[in-house]
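Biologist: I am new to this entry. Please show it to me, and then I will ask about its parts.

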There are 2 protein chains.
Amino acid sequence: MTLEAFLAESKTLVDAALDRWLPVATEEPRRLHETMRYALFAGGKRLRPAIARAAAAALGGTDAEVLPAACALEMLHTYSLIHDDLPAIDDDDLRRGQPTCHVRYGDATAILAGDALQTHAFLVLARETPRRAAVADLVLALAEAAGTGGMVGGEMVDIEAEGGEPSLARVEWIHLKKTAALFRASAVMGGLAAGAGPAQLEALGTFGTSLGLAFQIVDDVLDETGDAATLGKSPGKDRAARKMSYPAVAGIEESRRRARACADEAQAALRALPDSAILAQLADFTVTRLS
Amino acid sequence: MTLEAFLAESKTLVDAALDRWLPVATEEPRRLHETMRYALFAGGKRLRPAIARAAAAALGGTDAEVLPAACALEMLHTYSLIHDDLPAIDDDDLRRGQPTCHVRYGDATAILAGDALQTHAFLVLARETPRRAAVADLVLALAEAAGTGGMVGGEMVDIEAEGGEPSLARVEWIHLKKTAALFRASAVMGGLAAGAGPAQLEALGTFGTSLGLAFQIVDDVLDETGDAATLGKSPGKDRAARKMSYPAVAGIEESRRRARACADEAQAALRALPDSAILAQLADFTVTRLS
């Protein structure tokens, strides 16, 4: 299967499962359910679910086994976007060309919809995961990636660092926490859902971390070099906000080189896995967005 | 043991466990960890953890078994207070006589600290629960109580209902979701942590729901009749905000009667449990705050 076909299939499967596992918008509290669905079905690439599916598939796992984890990852990611876009944080009015949640539904509803999506990620993981013995580890992997040692911790330091003196160490710390932790969890949770052993989980963790770092560096580069149509958002926004970014510290060329090196590291970690062709292609895809 | 001694013991045990399981404030991101600790150690009564401990004890469960669930409940509750206090929601400057999180640390940090406390509740549940086979059910019970079918759903409808025409059905719906769902989860999770069977969990669920409803009605009454020193907040605030409240619909006397009836229902549910003296006292305590 080509990566393109795999990503399209992932999106179809994940969107259907999300629709099935989210509360319907006609049920009270309707406004909250509508907001959660608005944010979730705004047209994301479903990259984290695709990583989880590919990781499970690399170990012979099935879609039925991995879809709850895949959906939990997407809900977690979406909640973080809703809260990051709030006026008190990044104050973004547009995401993927559409009004952000708080612009459309108000700040209070956006805060609560984000809160509810985080809760629902854990709910779906606990309720829908077929491999019951894996639930505790899945919840732990998601919580570690999402919490103060991961995504939210990275977001906090990112905000604190705005306008400060950038350094390579600082940028990498933020990228590892804010982005790579959830990529790592995506790969690891795919493995857990499929019953992976410790060595396989270790390999998937290394793969996910390196892939996440590559992805974020590429994102930084595209923010400097891309156009609005490609990005779905205004380019140069990170620079304008004086956000920590890889190109701001290392320059565009070195950033490209580093992203490629991370993708290579990700691919090197795959040697321990039986059937990792799609994971390897995901690593390539992450950096070829550059060209 | 008297209820007073039990509550004091709960607070000591829960505070020590929270301190042990929360990231230290000297570790990055320091500001985030400091904010989480500020909110969590602002002096709550630890009522939900006490319910969980008492429920576990009623079935012969130990503190070691129930403390992770007890701490998770308190973290979940605290995150909801931080977010409810935000300017975009209830806009409260004081809680328990201290500046609220966003007043002290800013809105962005308060949002992220609330987010991180919710995540950490699930993390502690998954990482620290000794009875591993109960983790999935514990996570599910907490998520169901916290999500759109529970606490956040109740908060959403509470906001939407502000200033609208109050009705008994609406007020009870809000109270059941916003408050009673987490009380129910407290009792049920105490049972799960101690290995309760289905009939015992059912009894604990009924107990918790009735106790939660009694508690919230009493809270409404105290908001009308109490003084600032007893409440730790300004009385009459709910009325001023035209919040749905039991006394606004049914009057003070009928509210008192209804709270007592709920406490009686809670106590009646305890007959199925071996050693429920403390739980029964908790129900009495909830309504005697009235006098």
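**Helices and contacts**

Biologist: Which residues of α1(B) are exposed on its other side, away from the buried ones?

Modeller: This is a predicted model, in which local features need pLDDT of at least 70 and side-chain atom pairs count only at pLDDT 80 or more, while totals for chains, interfaces and linings use all residues. Residues are numbered from 1 along each chain as its sequence is written, chains are lettered from A and ligands numbered from 1 in the order in which they are written. A residue is buried with 20 or more other C-beta atoms (placed from the backbone) within 10 Å of its own, exposed with 12 or fewer, and partly exposed in between. Helices are DSSP runs of H or I with at least four residues, numbered from the N terminus, and the exposed residues on that side of α1(B) are B:Glu4, B:Ala5, B:Thr12, B:Ala16 and B:Arg20.

Biologist: Why are the buried residues of α1(B) on the same side?

Modeller: The buried residues are B:Leu7, B:Ser10, B:Val14, B:Ala17 and B:Leu18. The arc, taken from the directions from the helix axis to the C-beta atoms, puts them on the same side of α1(B), because they cover only 105°.

Biologist: Which helices do they pack against?

Modeller: Packing is judged by contact, meaning C-beta atoms, placed from the backbone, within 7 Å. The partners of the buried residues of α1(B) belong to chain B: α2 (30-40), α3 (47-58) and α4 (63-85).

Biologist: How far apart are the end C-alpha atoms of α1(B)?

Modeller: The expected span is 1.5 Å times one less than the number of residues. For the 19 residues of α1(B), residues 3-21, that gives 27 Å, which agrees with the model's distance of 26 Å.

Biologist: Where chain A touches chain B, which element of chain A gives the most residues?

Modeller: In all, 40 residues of chain A are in contact with 40 of chain B. Elements of chain A that give two or more residues are α2 (30-40), α6 (107-128), α7 (135-146) and α8 (151-161). With 13 residues, the most comes from α6(A).

Biologist: Is α7(A) enclosed or open, and what covers its buried residues?

Modeller: Twelve of its twelve residues are buried, so α7(A) is largely enclosed by the rest of the structure. One of these residues is A:Asp137. The cover includes α4 (63-85), α6, α8 and α9 (168-193) of chain A, together with α6 (107-128) and α7 (135-146) of chain B.

Conventions. Two residues are in contact if their C-beta atoms, placed from the backbone, lie within 7 Å.
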